[in-house]
Amino acid sequence: MDRKIPYKIYLKETEMPRQWYNMRADMINKPAPLLNPETLQPLTEADLEPMFCKELCRQELDDTTPYFDIPQEILNFYRMYRPSPLVRAYCLEEMLDTPAHIYYKFEGNNTSGSHKLNSAIAQAYYAKQQGLKGLTTETGAGQWGTALSMASAYFGLDCNVYMVRVSYEQKPFRREVMRTYGASVVPSPSTQTEVGRKILEEFPGTGGSLGCAISEAVEAASKKEGYRYALGSVLNQVLLHQSIIGLETKAALDKYDIKADVVIGCAGGGSNLAGLIAPFVRDKIKGINDCDIIAVEPASCPSLTRGVYKYDYCDTGMVCPLQKMYTLGNGFIPSASHAGGLRYHGMSSTLSQLYHDKIISARTAIQTEVFDTAQEFARVEGILPAPESAHAIKVAIDEALECKKTGEAKNIVFGLTGTGYFDMYAYKRFNDGDMTDYVPTDAELAKGFATIPDLEINR
């Protein structure tokens with residue numbers, strides 16, 4: 001096998017991007033605007049400022065500025081773990097006996113264990129600059145909550161985390177990492193908020209969802225002076241910050257004159273996927289490189305592949321703005337799968353528009369196949385992947401095996417968003433043979449669709 005490409009392609013510190021890239025600036029069809037839930041009119045910065053930091057409001061609504069300078073304090077923090085390595089998966093290639101070249105961008109080399117820190121430190125920085133006291137947020141698998149806890153501690157901010165109950169119970173050590181960084185962690189839905197009590201009354205015993213936790217975190221922020229809400233995915237501001245993943249990936253490939261043929265990322269709300277694919281989307285739109293860009297979502301929560309493209313609330317409590325997205329309905333509560341970070345009822349409006357325009361495609365994967373893939377990857381590549389990341393690995397292997405059939409030597413790139421060391425309960429269930437698969441029926445999805453608001457613009 002050709003070993004001219006190193007196992008790990010590292011950028012020098014001086015080669016780390018100093019700007020974030022905004023995909024919307026180059027999109028021909030812009031994402032539909034967020035709507036004010038009270039007036040149903042496009043949101044303004046003034047509408048958003050009670051919820052988010054001022055600078056983040058500006059970033060959220062900007063569809064025209066292609067690049068945003070990264071503040072020096074954020075760059076200084078990034079240098080503790082960035083640039084992250086782009087790894088050539090030689091051992092996986094050999095095991096599969098494929099002519100494909102497989103690369104993965106590894107974002108697990110920081111204490112939070114994932115890519116989430118890229119946006120968490122930015123959001124905490126802008127909160128500190130604005131003189132705020134603290135931030136509230138939700139978390140699914142716990143990676144975002146961990147990242148924001150770290151970032152808040154770094155800038156001396158209070159951090160309140162509403163953790164999806166099923167993950168709170170499955171991942172106690174992830175919870176303890178957050179508490180170690182000084183955050184308060186509450187299982188959601190909880191009795192601490194009005195919306196939490198309402199959800200518990202309607203769905204007693206529920207394991208919760210990201211939509212539930214978002215509602216609680218937003219309510220909590222609105223009732224505490226000097227606090228704002230921070231979101232770990234979905235929003236345009238988050239996708240912007242995560243673009244550093246793709247910019248580094250593209251720069252590392254360019255160092256060795258490698259052109260990506262297939263780019264793959266797991267997809268829940270969209271932050272990791274969007275961050276990885278950002279410069280590849282830009283090149284595809286500009287006609288520079290027509291690579292295949294694939295989003296992989298769990299079959300248990302298939303917003304892109306089985307959802308509808310409509311305006312819907314971003315949260316279960318219907319207190320957040322509405323966005324046009326591929327959605328399963330704000331009332332859809334996914335099954336208690338172990339890929340907690342992918343259990344969101346909708347998809348980023350930016351990614352939804354790209355999917356609608358057929359610039360990206362989407363596939364689903366069932367839980368047991370994902371864990372089988374994760375274990376296979378761990379044994380040959382030496383990294384235990386998070387369940388979320390394993391969705392991307394599954395499709396990367398599928399693509400590599402297809403190359404084996406056709407003889408094509410494609411360059412396959414995927415995102416390894418985080419490590420699975422806090423997911424050992426899930427791996428235990430898989431190894432014990434107790435893990436099951438769940439795919440919602442059309443009738444079950446119909447119940448979620450029924451919660452989508454009946455707006456004139458949705459007809």
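Begin with the lining of the largest cavity in this predicted model: by class, it has eleven nonpolar, 14 polar and three charged residues. To find the place, select Lys116, Leu210, Ser233, Ser271 and Gly341, which lie nearest the centre of this cavity among the 28 residues that line it. The enclosed volume is about 310 Å³.

Next, colour the elements that give two or more residues to this lining: β6 (134-139), α6, α10 (210-222) and α12 (271-285). Of these, α12 deserves its own selection, as the largest share of the lining, three residues, comes from α12.

The search of the whole structure finds four cavities of 30 Å³ or more. For the second largest, select Leu231, Leu235, Cys314, Cys320 and Pro321; these residues lie nearest its centre, within a lining of 13 residues. The space in the second largest cavity is about 100 Å³. What classes of residue form the lining of the second largest cavity? It divides into 13 nonpolar, no polar and no charged residues.

Now return to α6, residues 143-155, and display it together with α8, residues 172-180. The two helices pack with their axes 8 Å apart, at an angle of about 15°. An angle under 35 degrees counts as roughly parallel, and α6 and α8 are therefore roughly parallel to each other. Their crossing is left-handed. To view the contact, show the side of α6 with Gln143, Gly145, Thr146 and Ser149, and from α8 add Arg174, Val177 and Met178. The residues of this contact comprise two nonpolar, four polar and one charged.

Technical notes. Residues are numbered from 1 along each chain as its sequence is written. This is a predicted model: local features need pLDDT of at least 70, side-chain atom pairs count only at pLDDT 80 or more; totals for chains, interfaces and linings use all residues. Side-chain values use heavy atoms; hydrogens and water are left out. Axes are lines fitted to C-alpha atoms, for helices over the stretch in contact, and angles run from 0 to 180 degrees between N-to-C directions. Helices (H or I, at least four residues) and strands (E, at least two) are DSSP runs, numbered from the N terminus. Angles under 35 degrees count as roughly parallel, over 145 as roughly antiparallel, 65 to 115 as roughly perpendicular and the rest as oblique. A crossing is left-handed if the near helix is turned anticlockwise from the far one by less than a right angle, and right-handed if clockwise. Contact means heavy atoms within 4.5 Å. Ala, Val, Leu, Ile, Met, Phe, Trp, Tyr, Cys and Pro count as nonpolar, Asp, Glu, Lys and Arg as charged, and the others, Gly among them, as polar. On a 1 Å grid over the protein atoms alone, a cavity is a set of points where a 1.4 Å probe fits but cannot get out, and a pocket is an open set with protein on both sides within 12 Å along at least five of seven lines; lining residues have an atom within 4 Å of a point. Grid points are joined across faces, edges and corners, and a volume is the space filled by probe spheres set on the points.
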